[in-house]
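Here are my notes for you, written as a few numbered points. Keep the structure open beside them as you read.

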Amino acid sequence: MTRAVLAFLLLASPASASPGASDADALAAAEAAFAEGVGLRDDAVRARPAFARAAAGYDELWHRGHRSPDLALNRAAAHRLAGNLPAAVVALNEGLAAAPWNRSVQVSLEDARAAVAYPVA
């Protein structure tokens, strides 16, 4: 989803007022952290903290009441790239709770679940 569309959805949807950064500022910070992580893609050790900051920003927006499939996908991608597969699965499950018909979230959840390393008996 484009940045403009996601920003519009965040600003147009109802959310509880929260002290601190505005929703637009929180989105901008999360996107900047994600872009920083992408820029560091050749060094996973340095990229993961940037993706973790992006995930925290997207999580904050989610907890403020912005529930959209695109935000769920952003949260999941940031968590997964930060090395936190369980949080990515949680973000996708929450995305499906908000939009059970969304095929992109369904496919991403299937992919994340397939990446889980189950113990061999």
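Which residues make up the largest nonpolar core? Keep in mind as you look that this is a predicted model.

1. **The main core.** Twelve is the number to remember here: the largest nonpolar core has 12 residues in all, namely A26, L27, A30, A33, A54, A55, Y58, L61, W62, L71, A72 and A78. Helices α2 (23–39), α3 and α4 each supply at least two of them. The biggest giver is α3, with five residues. As background, nonpolar side chains in soluble globular proteins tend to be buried together.

2. **A78 up close.** Try clicking on A78, a member of that core. If you skip its neighbours within four places in sequence, A78 is in contact with F34, F51, A54, A55 and Y58. Of these, A54, A55 and Y58 also belong to the largest core.

3. **A second core.** There's another core to find, lying apart from the one above. This one has 10 residues, including A88, A91, L96 and V105.

4. **How α4 and α5 pack.** Now look at α4 (69–81) next to helix α5, which covers residues 85–98. Their axes are 7 Å apart, and the packing angle is about 175°. Angles over 145 degrees count as roughly antiparallel, so that's what we call α4 and α5.

5. **Who meets whom.** On the α4 side of this contact you'll find A72, L73, R75, A76, H79 and R80. Facing them from α5 are L85, A87, A88, A91, L92, E94 and G95. Sorted by type, the contact has eight nonpolar residues, two polar ones and three charged ones. Notice A72 here, since A72 is part of the largest core as well.

6. **P69 and a long hop in sequence.** Is P69 buried or exposed? This residue sits in helix α4, and P69 counts as buried because its relative accessibility is 19%, where the cut-off for buried is under 20%. Beyond residues up to four places away in sequence, P69 touches A99, N102 and V105. Take V105: P69 and V105 are 36 residues apart in sequence, yet their C-alpha atoms are 6.6 Å apart in space. V105 also turns up in the second core.

7. **A charged residue that's buried.** Finally, find R64 in the loop between α3 (44–63) and α4. Arg is classed as charged, and R64 still counts as buried, because its relative accessibility is 7%. What does its side chain contact? The side chain of R64 makes a polar contact with the side chain of D23, at 2.6 Å.

How values were computed. Residues numbered from 1 in each chain as written. Predicted model: local features only at pLDDT ≥ 70, side-chain atom pairs only at ≥ 80, totals over all residues. Heavy atoms only, no water. Helix = DSSP H or I, 4+ residues; strand = E, 2+ residues; numbered from the N terminus. Buried < 20%, exposed > 50% of the residue type's maximum accessible area, 1.4 Å probe, protein only. Polar contact = N/O pair within 3.5 Å; in protein donor to acceptor, adjacent residues only side chain to side chain. Core = buried A, V, L, I, M, F, W, Y, C linked by side-chain atoms within 4.5 Å. Contact = heavy atoms within 4.5 Å. Axes fitted to C-alpha atoms, helices over the stretch in contact; angles between N-to-C directions. Parallel < 35°, antiparallel > 145°, perpendicular 65-115°, else oblique.
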